[in-house]
Each structure stands twice: as structure tokens, then as C-alpha cells.
Amino acid sequence: MHEQFWHQKWEKDEIGFHEGEVNRFLYEYFNALKLAAGARVFVPLCGKTRDIAWLLDNGMRVVGVELSEHAIKQLFAELNLEPKVESLADGLHYTSANIDIFVANIFCLNSELLGEVDAIYDRGALVALPEDIRTRYAQTLPILTNNAPQLVVTYNYEQSQYSGPPFALAESEIERLYASIYALKKLASRQETEGFAKGIDVENAVWLLGS
Ligand SMILES: C[S@@+](CC[C@H](N)C(=O)[O-])C[C@H]1O[C@@H](n2cnc3c(N)ncnc32)[C@H](O)[C@@H]1O
């Protein structure tokens, strides 16, 4: 059911979540992660986000995971990269210079397969998941990445005003999910006015989850 929902979104091209440009919080707050050149950034549930191009252009290596091969074919085409594609037990592995993407369910990855991760950039991942899967996701990420620091983009609004995704994440929910593992710092927030937020009061925020 969960996987089918997303496959259908990509097949029908109903991808309102795709920003088409680099997320402002990424370029304004990426330095908060204090990464060295060549660091490897994990982009979970990556879709075909333009944020990957920005990370590559800024000297990062990128590893992603995404259910939809449709999305990843488009990602590599838009990056003008010819991928090498290998079959895995539970999916596919697309690779090119400084980038590798697992076409798989994130819950089928393990830390050995994923490889070393210096930081996680989560935009549209935590907020895409309903509560039961979200809890499992938040427990899985630190295990997969040896507690790598995270930059996380969230939305908060009155959940009864919109069914989601994206789902509302109150500060208490971020704390429930991550406070036992990370020091949490809300770096910035702004009023969201575009897309699903039209007509409702939505706070868009960026968090640093560190040590
Ligand atoms: C809201 S979209 C965000 C995509 C991207 N992060 C962005 O900012 O444009 C969520 C993406 O997660 C993918 N996805 C959902 N559940 C997943 C899972 N369990 N494992 C891997 N990818 C998943 C969906 O196919 C979809 O492309």
C-alpha cells in the first residue's frame, strides 16, 4: 500500500512535492553541518530533487535511496549523467561519478550496502511518512549511518486542515523521534505560502540534528 502510493504518484506524474529548484534552506544552512570537501551526504527518499545537483556542484558526494526507478531515470537524465546500473537482491544500484542511488525501499538497506555517510539531508522524507512508518524511519537512519548529523526540513500546521503528505511535524514530534540520539536545533523557520500550504497556516522549518 505504502509503496504503491508512491509508484502511482511517479507513474501519473503527480509530483507536486518536487520543487524544481534548489531548496532555500539547503543553500542557506548547509554549512551548519560543517562538512569537508568530498564528504558523502545521504539523501533519503530523494526523488529527483534538484538539491542533489547543488550538493554535487558544492563538492559533495551523494548517496540516495528512492523507491521509484522512474524518478531515478529522470534524475540522471536531468543531471546529464550516464549511470551504470546493477541489480541488487532488493532493488537496483545506479552509479556515476560522485553519486550513487539505491532504487529500493529504505528499509531494505543496511549500513554495509549504504557505505560511509558523513551527513544526512532530509527534505520531503520524514514529512512524507505517516506516523507508524515515520517512527521506523527515524529509528533506522541513525543505525544505517552511525548517527550521522542531519539537516532536516519540516512542515508544521494543524493536521486537521490537510490530510498530508506532507504531514505536520510539531516540535514535540521531532523531540519524540530524535531527542534521545541527537542535540536538536531549529535553525530557521518561515511561513510557507505555496503548494499545499495555500489557505492554511504552515511553518516551514530547518533543523540541525547533531552531537
Ligand atoms: C515527498 S517525496 C520527496 C522527494 C524528494 N526528497 C524531494 O524533496 O523532492 C517522497 C519520496 O520518497 C519516496 N519514498 C517513499 N517511501 C519510500 C521508502 N520506503 N523507501 C524509499 N523511497 C521512498 C517516494 O517515491 C517519493 O519520491
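I began with the cluster of rings in this predicted model, and I noted that ring pairs link F5, W6, W10 and F17 into it.

From that cluster I looked up one pair in detail, within a structure that holds 11 aromatic pairs. W6 and F17 meet edge-to-face, with 5.8 Å from centre to centre and 70° between the planes. I then checked where the two residues sit: W6 belongs to helix α1 (residues 2-11), while F17 is in the loop between α1 and α2 (24-29), so this pair ties together parts that are 11 residues apart in sequence.

Next I asked myself whether W6 is buried or exposed. I found a relative accessibility of 14% for W6, and because the cut-off for buried is under 20%, W6 counts as buried. F17, with a relative accessible area of 32%, is partly exposed.

I turned to F76 and Y94, whose ring centres are 5.5 Å apart and whose planes stand at 40°, so I wrote this pair down as tilted. This pair also links distant parts of the chain, since F76 lies in helix α4 (residues 69-78) and Y94 in strand β4 (residues 91-96), 18 residues apart. When I looked up their accessibility, I found that F76 is buried and that Y94 is buried as well.

My last entries concern arginines and ring faces. Which residue lies over the face of F107? I found R136 there, at 4.0 Å from the ring centre. I also recorded R190, which lies over the face of F25 at 4.2 Å from the ring centre.

Methods. Residues are numbered from 1 along each chain as its sequence is written. This is a predicted model: local features need pLDDT of at least 70, side-chain atom pairs count only at pLDDT 80 or more; totals for chains, interfaces and linings use all residues. Side-chain values use heavy atoms; hydrogens and water are left out. Rings of Phe, Tyr and Trp (its six-membered ring) pair if their centres lie within 6.5 Å; planes under 30 degrees apart count as stacked, over 60 as edge-to-face and the rest as tilted. Helices (H or I, at least four residues) and strands (E, at least two) are DSSP runs, numbered from the N terminus. Buried means under 20% relative accessible area, exposed over 50%, partly exposed in between (1.4 Å probe, protein chains only). A charge sits over a ring if NZ of Lys or CZ of Arg is within 6 Å of the ring centre and within 35 degrees of the ring normal.
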